[in-house]
Amino acid sequence: MEKFKTITSTYVPLPIENVDTDQIIPARFLKATNKEGFGDNLFADWRYDKNGNPKPDFVLNNPTYSGTILVAGKNFGSGSSREHAAWAVSGYGFRAVVSSYFADIFKNNSLNNGLLPVIVSPEFLSDLFENIHSNPKNTITIDLEKQTITNNKNGKTEIFDINPYKKECLLQGLDDINYLLSKKDKIEEYEKNRIFQY
């Protein structure tokens, strides 16, 4: 995984509440067993018509908006536990998703796949939507080390929560297995010096 420290980027607004995992990546795309190509089908039913042509009114097809941060409405990622939803968001090129609430399973799947879910207050979220519609060049800065998100339009900053272990994994660019492998020497040293009692 790519290391995540600080990013400053324009952002893509999706002011829709209760976006579930079937809307993020429809079930018909779940046959694949690796992460390749899922970004192409992110929000497929909203993004393309029945002939596979891009719908010009959907935000991902609007060249006005771009960036590595998706700003979504409240309750993003509800529904099934499919990890493919996180694969699709990440595969499209987003490094972070901002919302006022995430479904727990989606949040954990995101963290396991190098995608940072950032929870902000409803007021902060509302400001982001207002600012991007007035000027699509407005940016957000997310500092994972400090656990802050800043609306660069008005300078407002909020602190967000993250599991300390997952934070460390993101900062180092490690998944769970690679994190364990990075501690191999310490694990072996512990096992070597461990006193077994029977």
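Does phenylalanine 43 count as buried or exposed, and at what relative accessibility? The legends below take up this residue and several others in a predicted model.

**View 1. Phenylalanine 43 in the loop between H1 and H2.** At 0% relative accessibility, phenylalanine 43 counts as buried. Its backbone deserves a look as well: phenylalanine 43 has a positive phi of about 55°, although it is not a glycine. Among the contacts of leucine 14 is this very residue, Phe43, so you will meet the pair again when leucine 14 comes into view, a residue that is itself buried, with a relative accessible area of 3%.

**View 2. Leucine 14 and its surroundings.** Leucine 14 belongs to strand S1 and is buried, at a relative accessible area of 3%. Leaving aside neighbours within four places in sequence, leucine 14 is in contact with Val19, Phe43, Trp46, Phe58, Val59, Leu70, Val71, Ala72, Gly73, Phe76 and Phe129. One of these contacts, Leu70, is worth tracing along the chain: leucine 14 and leucine 70 are 56 residues apart in sequence, yet 7.2 Å separates their C-alpha atoms.

**View 3. Strand S1 and its two partners.** Strand S1 covers residues 6-14, and it is largely enclosed by the rest of the structure because seven of its nine residues are buried. With strand S5 (residues 139-143), S1 pairs in the antiparallel sense over five bridges; here threonine 8 stands opposite threonine 141 of S5. With strand S2 (residues 69-72), S1 runs parallel, and four bridges join the two. To find your place in this second pairing, look for tyrosine 11, whose bridge partner in S2 is isoleucine 69. As a reminder while you follow the strand, side chains in a regular strand alternate between the two faces of the sheet.

**View 4. The β-α-β unit of S3, H4 and S4.** These three elements make a right-handed β-α-β unit. Strand S3 (residues 96-99) and S4 pair in the parallel sense over four bridges, and valine 97 has proline 117 as its bridge partner in S4. In helix H4, the residues Phe106, Asn109, Ser110 and Leu111 are buried. Their cover includes helix H1 (21-24), helix H3 (84-92), S4 and helix H6 (164-172). Just after H4 comes glycine 114, with a positive phi of about 75°.

**View 5. The largest pocket.** Rolling a probe the size of a water molecule over the atoms shows where empty space is left. The largest pocket has a volume of about 170 Å³. Its lining is made of Lys107, Asn108, Leu111, Leu116, Pro117, Ile119, Ile159, Phe160, Asp161, Ile162 and Asn163. Helix H4 (104-112) and strand S4 (116-119) each supply at least two of the lining residues. By character, the lining divides into seven nonpolar, two polar and two charged residues. Two residues from the previous view return here: Leu111 and Pro117 are both part of the lining.

**View 6. Three asparagines in three settings.** Asparagine 18 lies in the loop between S1 and H1. At 45% relative accessibility, asparagine 18 counts as partly exposed, and its phi is positive, at about 60°, although it is not a glycine. Asparagine 53 is found in the loop between helix H2 (44-47) and S2. This residue is also partly exposed, with a relative accessible area of 40%, and asparagine 53 touches Arg47 and Tyr48, not counting residues up to four places away in sequence. Asparagine 131, in contrast, sits in helix H5 (residues 122-134). At 11% relative accessibility, asparagine 131 counts as buried. The contacts of asparagine 131, again not counting residues up to four places away, are Tyr11, Asn138, Asn151, Lys153 and Asn154.

**View 7. The whole chain, to put the close-ups in context.** The protein chain has eight helices and seven strands. Of its 198 residues, 44% count as buried. Among contacts between residues at least 6 apart in sequence, 66% join residues at least 24 apart. The contact between leucine 14 and Leu70 is a good one to keep in mind here, with the two positions 56 residues apart along the chain.

Key
Residues numbered from 1 in each chain as written. Predicted model: local features only at pLDDT ≥ 70, side-chain atom pairs only at ≥ 80, totals over all residues. Heavy atoms only, no water. 1 Å grid on protein atoms, 1.4 Å probe; cavity = no way out; pocket = protein on both sides within 12 Å on 5 of 7 lines; lining within 4 Å. Points joined across faces, edges and corners; volume = space filled by probe spheres on them. Nonpolar A, V, L, I, M, F, W, Y, C, P; charged D, E, K, R; others polar. Buried < 20%, exposed > 50% of the residue type's maximum accessible area, 1.4 Å probe, protein only. Pairing = 2+ DSSP bridges. Right-handed = clockwise from strand over helix to strand, strands pointing away. Contact = heavy atoms within 4.5 Å.
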